[in-house]
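Visitor: Hi! I'm new to reading protein structures. Could you walk me through one?
Guide: Happy to. Here it is.

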Amino acid sequence: MKPTHIEHIGIAVNSIEEARKYYEEVLGLECYAIEEVEDQKVKTAFFQVGQTKIELLEATSEDSPVAKYIAKRGQGIHHMAFAVEDTDQALKDAEEKGIRLIDKKSRKGAENLNIGFLHPKSTLGVLTEFCCK
Ligand code: CMX
């Protein structure tokens, strides 16, 4: 398993409608998609920056991981996602190296990617995602 690039950086925000103004009006980026991921209890908004995307994350319910994150730490960088060839294989490789998994198997995330998370307590405090098409 060797990540090819950073696929996206997830940023927890209180409101996409409010937060997108900074990305659009100050950074001059274009929001090319807004999508709700029911399974993850988030609404997402995407901005492309080279090979990498910025993914704004707004909680859609009080028990959303993003709502819990903001309640504890405030708005900010929530996770980093690496593009890998095969998410299930990458999860397996990480587990074999002693990393605690959140997802034993990949699931469908935004943009129909196959995603899987590693636990931040096992990855130096950075919630880490693998994803592939
Ligand atoms: N980054 C770093 N640390 C985090 C974190 C994050 N995003 N979220 C939680 N933590 C830390 C907490 O600060 C806490 O640490 P302390 O015990 O030192 O206080 C610890 O992890 C446990 O956190 P918690 O608030 O008790 O929350 P849970 O254990 O219930 O859940 C986690 C934490 C990471 C397992 C959960 O948020 C999760 O499963 N995340 C993966 C799914 C997800 O985040 N989906 C949203 C985005 C999906 C998308 O991009 O489509």
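Visitor: I'll just pick a spot. Which residue is the bridge partner of Lys-108 in β7?
Guide: Asn-114 is the bridge partner of Lys-108. Keep in mind that this is a predicted model.

Visitor: And how do the strands β6 and β7 pair?
Guide: β6 and β7, which covers residues 114-118, pair in the antiparallel sense, over 2 bridges. In general, strands of a sheet pair through backbone hydrogen bonds, either parallel or antiparallel.

Visitor: Okay, zoom out. What is the order of the strands in the sheet?
Guide: The order is β2-β3-β4-β1-β5-β8-β7-β6, in an open sheet of 8 strands with mixed pairing. The edge strands are β2 (31-37) and β6 (107-108), and each of these pairs on one side only.

Visitor: Mixed pairing, hm. How do β1 and β5 run, parallel or antiparallel?
Guide: β1 and β5 are antiparallel, paired over 7 bridges. As one example, Ala-12 stands opposite Gly-76 in β5.

Visitor: And how many bridges join β5 to β8?
Guide: There are 4 bridges there, and β5 and β8 run parallel. If you want a place to look, Phe-82 stands opposite Phe-130 in β8.

Visitor: Now the helices. Which strands does α1 lie across?
Guide: Helix α1, residues 16-26, lies across β1 (5-12), β2, β3 (42-49) and β4 (52-59). Its direction is at about 155 degrees to β4.

Visitor: What does helix α2 touch?
Guide: Helix α2 (residues 65-73) packs on the sheet and touches β1, β3, β4 and β5 (76-83). The directions of α2 and β5 make about 135 degrees.

Visitor: Back to β8 for a second. Which residue lying there is worth a look?
Guide: Try Glu-129, which lies in strand β8, residues 128-132. Glu-129 is buried yet has no salt bridge.

Visitor: How far away is the nearest side chain of opposite charge?
Guide: That side chain is Arg-107, and it is 8.6 Å away from Glu-129. A salt bridge needs a side-chain nitrogen of Lys or Arg within 4 Å of a carboxyl oxygen of Asp or Glu, so Arg-107 does not qualify as a partner for Glu-129.

Visitor: Then with which side chain does Glu-129 make a polar contact?
Guide: With the side chain of His-79, at 3.0 Å. Glu-129 also touches several residues beyond its sequence neighbours, including His-8, Met-80, Phe-82, Ile-115 and Phe-117.

Visitor: What about Arg-107, which residue does it form a salt bridge with?
Guide: Arg-107 forms one with Asp-103, and the closest N and O atoms are 2.8 Å apart. Asp-103 counts as buried because its relative accessibility is 7%, while Arg-107 is partly exposed at 26%.

Visitor: How many salt bridges does the structure hold?
Guide: The structure holds 10 salt bridges. The general idea is that side chains of opposite charge can pair when their charged atoms come close.

Visitor: Show me one in a helix. Where are Glu-96 and Lys-92?
Guide: Both are in helix α3 (residues 87-96), and their side chains meet in a salt bridge (3.6 Å, N to O). They are 4 residues apart, so about one helical turn separates them. Glu-96 is exposed, at 60% relative accessibility, and Lys-92 is partly exposed, at 45%.

Visitor: And which side chain does Lys-104 meet in a salt bridge?
Guide: Lys-104 meets Glu-95, at 2.4 Å from N to O. Lys-104 is exposed, with a relative accessible area of 61%, whereas Glu-95 is partly exposed at 36%.

Visitor: Which residues are linked in a network of salt bridges?
Guide: Glu-7, Lys-53 and Glu-111 are linked that way.

Visitor: Where is Glu-111 placed?
Guide: Glu-111 is in the loop between β6 and β7, and is partly exposed, with a relative accessible area of 27%. Its phi is near 60 degrees, a positive value in a residue other than glycine.

Visitor: Why is a positive phi worth pointing out?
Guide: Because most residues other than glycine have a negative phi. Lys-41 is another case: it is not a glycine, yet has a positive phi of about 60 degrees. You can find Lys-41 in the loop between β2 and β3, where it is partly exposed at 31%.

Definitions and conventions
Residues numbered from 1 in each chain as written. Predicted model: local features only at pLDDT ≥ 70, side-chain atom pairs only at ≥ 80, totals over all residues. Heavy atoms only, no water. Pairing = 2+ DSSP bridges. Contact = heavy atoms within 4.5 Å. Axes fitted to C-alpha atoms, helices over the stretch in contact; angles between N-to-C directions. Buried < 20%, exposed > 50% of the residue type's maximum accessible area, 1.4 Å probe, protein only. Lys, Arg positive; Asp, Glu negative; His and termini not counted. Polar contact = N/O pair within 3.5 Å; in protein donor to acceptor, adjacent residues only side chain to side chain. Lists of a residue's contacts leave out its neighbours within four places in sequence.
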